[in-house]
Amino acid sequence: MAEQPHAEGGASPKHETLMEKLADKLHVGGKDSSSSSSDSDNDERPRPSAPPAPAAEVKPSFSDSAATAAAEAKAKVFRLFGREQPIHKALGGGKPADVFLWRNRNISAGVLGGATAIWILFELLGYHLLTFVCHGLIFSLGVLFLWSNASSYINKSPPRVPEVIIPEDLVVNIALSTRYEINRAFANLRQIALGRDIKKFLMVIAGLWLLSVLGSCCNFLTLVYIVFVVLHTVPVLYEKYEDQIDSYGEKGWVEIKKQYAVFDEKVLSKVPRGPAKDKKH
């Protein structure tokens with residue numbers, strides 16, 4: 001009987017140790033679950049994204065910077081008449097500009113030689129235009145007529161005379177362009193006559209006076225031939241020596257502006273001007 005309490009006393013600490021072990025396991029499991037849940041929560045939370053790396057600055061190469069500087073310097077160079085395009089485009093481009101700039105020497109030489117022959121024929125030899133046209137038509141029609149009738153006897157094909165038809169669109173476009181230019185000239189003359197632009201007035205007067213001097217020295221045909229020769233010589237020389245001519249032109253233009261400023265201050269500023277243009281609202 002005395003051994004029973006001892007047995008019960010010995011069993012209680014064993015029971016407590018089992019309970020303590022279970023409690024410790026439950027406590028450890030709770031910590032693990034809480035830590036795993038906290039870890040999962042931390043994983044689900046959006047993490048702030050790292051700031052983007054600054055883009056690397058692309059530095060232009062030396063050749064690119066040099067080309068840009070050369071282009072800017074060339075754009076700032078003084079050009080005659082405020083020209084911003086190449087001389088080929090300033091002349092209208094296409095085949096006429098190619099002829100004036102001697103892109104094809106054979107064609108340009110042929111055109112200039114033909115114009116010289118016409119000037120010699122009419123100016124030096126005293127041939128008249130109407131007589132020349134009539135004689136040319138007589139000769140051409142006679143040759144074609146004889147060739148057409150004699151082709152059956154000489155076993156040759158008759159001449160192929162092309163059919164010439166002037167398109168209506170071409171005539172309409174030329175008429176519209178001529179009408180536009182004439183109306184613009186009349187509008188400019190009206191503005192000049194009203195005294196609203198003294199600078200333009202002086203330029204027109206100087207141009208008309210120069211034409212009158214040239215007209216007194218030579219007739220109309222010679223004047224046209226001189227203009228034709230100038231168009232075939234001056235542009236190609238200017239294109240070849242463009243930089244040198246522009247430098248001298250800049251100096252001359254600066255001097256002209258100085259003289260004009262003095263003339264404007266002493267004379268033009270004292271001239272009464274016409275009414276100003278009505279402003280459009």
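User: Hi! Before we look at Arg184 and Glu181, what is a salt bridge here?

Analyst: Hi! A salt bridge is a side-chain nitrogen of Lys or Arg within 4 Å of a carboxyl oxygen of Asp or Glu. Arg184 and Glu181 form one, with 2.9 Å from N to O. Please keep in mind that this is a predicted model.

User: Thanks. Where do those two sit relative to each other in helix α7?

Analyst: Helix α7 covers residues 168-193, and Arg184 and Glu181 are three residues apart in it, so about one helical turn separates them.

User: And how open to the outside is that pair, buried or exposed?

Analyst: In between, for both partners. Arg184 has 42% relative accessibility, so it counts as partly exposed. Glu181 is at 39% and is also partly exposed.

User: How many salt bridges does the structure have?

Analyst: Two. Besides the pair in α7, Glu239 bridges to Arg103, and their closest N and O atoms lie 3.0 Å apart. That bridge links distant parts of the chain, as its partners are 136 residues apart. Glu239 belongs to helix α9 (residues 220-240), while Arg103 is in the loop between α4 (94-100) and α5 (105-124).

User: What about the accessibility of Glu239 and Arg103?

Analyst: Glu239 is partly exposed, with a relative accessibility of 30%. For Arg103 the value is 45%, which also counts as partly exposed.

User: Remind me, why can such side chains pair at all?

Analyst: Side chains of opposite charge can do so when their charged atoms come close.

User: Staying in that loop, which residue other than glycine has a positive phi?

Analyst: Trp102 does, with phi near 60 degrees. Trp102 is found in the loop between α4 and α5. Its relative accessible area is 26%, so Trp102 is partly exposed.

User: Let's zoom out. What is the chain built from?

Analyst: Helices: there are 10 of them, and zero strands. Read from the N terminus, the order of elements is α-α-α-α-α-α-α-α-α-α.

User: How much of the chain is buried, and what does the surface consist of?

Analyst: Buried residues make up 10% of the 281 residues. The chain exposes about 23,900 Å², and carbon and sulfur atoms supply 66% of that area.

User: What share of the contacts with a separation of 6 or more comes from residues 24 or more positions apart?

Analyst: Such residues account for 57% of those contacts.

User: Back to α9. How does it pack with α10?

Analyst: The two helices pack at an angle of about 95 degrees, and their axes are 5 Å apart. Angles from 65 to 115 degrees count as roughly perpendicular, and α9 and α10 are therefore described that way. Helix α10 covers residues 242-266.

User: Which residues meet there?

Analyst: From α9 you have Leu237, Tyr238, Glu239 and Lys240, and from α10 Glu242, Ile245 and Asp246. By class, this contact has three nonpolar, four charged and no polar residues. Glu239 is also the residue that forms the salt bridge with Arg103.

User: I also have my eye on Phe228 in α9. What does Phe228 touch beyond its sequence neighbours?

Analyst: Leaving aside residues within four places in sequence, Phe228 is in contact with Val111, Leu112 and Ala115. Phe228 and Leu112 are 116 residues apart along the chain, and 8.0 Å separates their C-alpha atoms.

User: Is Phe228 buried or exposed?

Analyst: Neither label fits. Phe228 has 25% relative accessibility, so it counts as partly exposed.

User: Last one: where is Lys200, and what does Lys200 touch?

Analyst: Lys200 is in helix α8, which covers residues 198-217. Not counting residues up to four places away in sequence, Lys200 touches Asn188 and Ile192. From C-alpha to C-alpha, Lys200 and Asn188 are 9.1 Å apart, with their positions 12 residues apart in sequence. Lys200 is partly exposed at 33% relative accessibility.

Note on methods: Residues are numbered from 1 along each chain as its sequence is written. This is a predicted model: local features need pLDDT of at least 70, side-chain atom pairs count only at pLDDT 80 or more; totals for chains, interfaces and linings use all residues. Side-chain values use heavy atoms; hydrogens and water are left out. Helices (H or I, at least four residues) and strands (E, at least two) are DSSP runs, numbered from the N terminus. Buried means under 20% relative accessible area, exposed over 50%, partly exposed in between (1.4 Å probe, protein chains only). Contact means heavy atoms within 4.5 Å. Accessible areas come from the Shrake-Rupley method with a 1.4 Å probe; for residues, only the protein chains shown count as cover. Axes are lines fitted to C-alpha atoms, for helices over the stretch in contact, and angles run from 0 to 180 degrees between N-to-C directions. Angles under 35 degrees count as roughly parallel, over 145 as roughly antiparallel, 65 to 115 as roughly perpendicular and the rest as oblique. Ala, Val, Leu, Ile, Met, Phe, Trp, Tyr, Cys and Pro count as nonpolar, Asp, Glu, Lys and Arg as charged, and the others, Gly among them, as polar.
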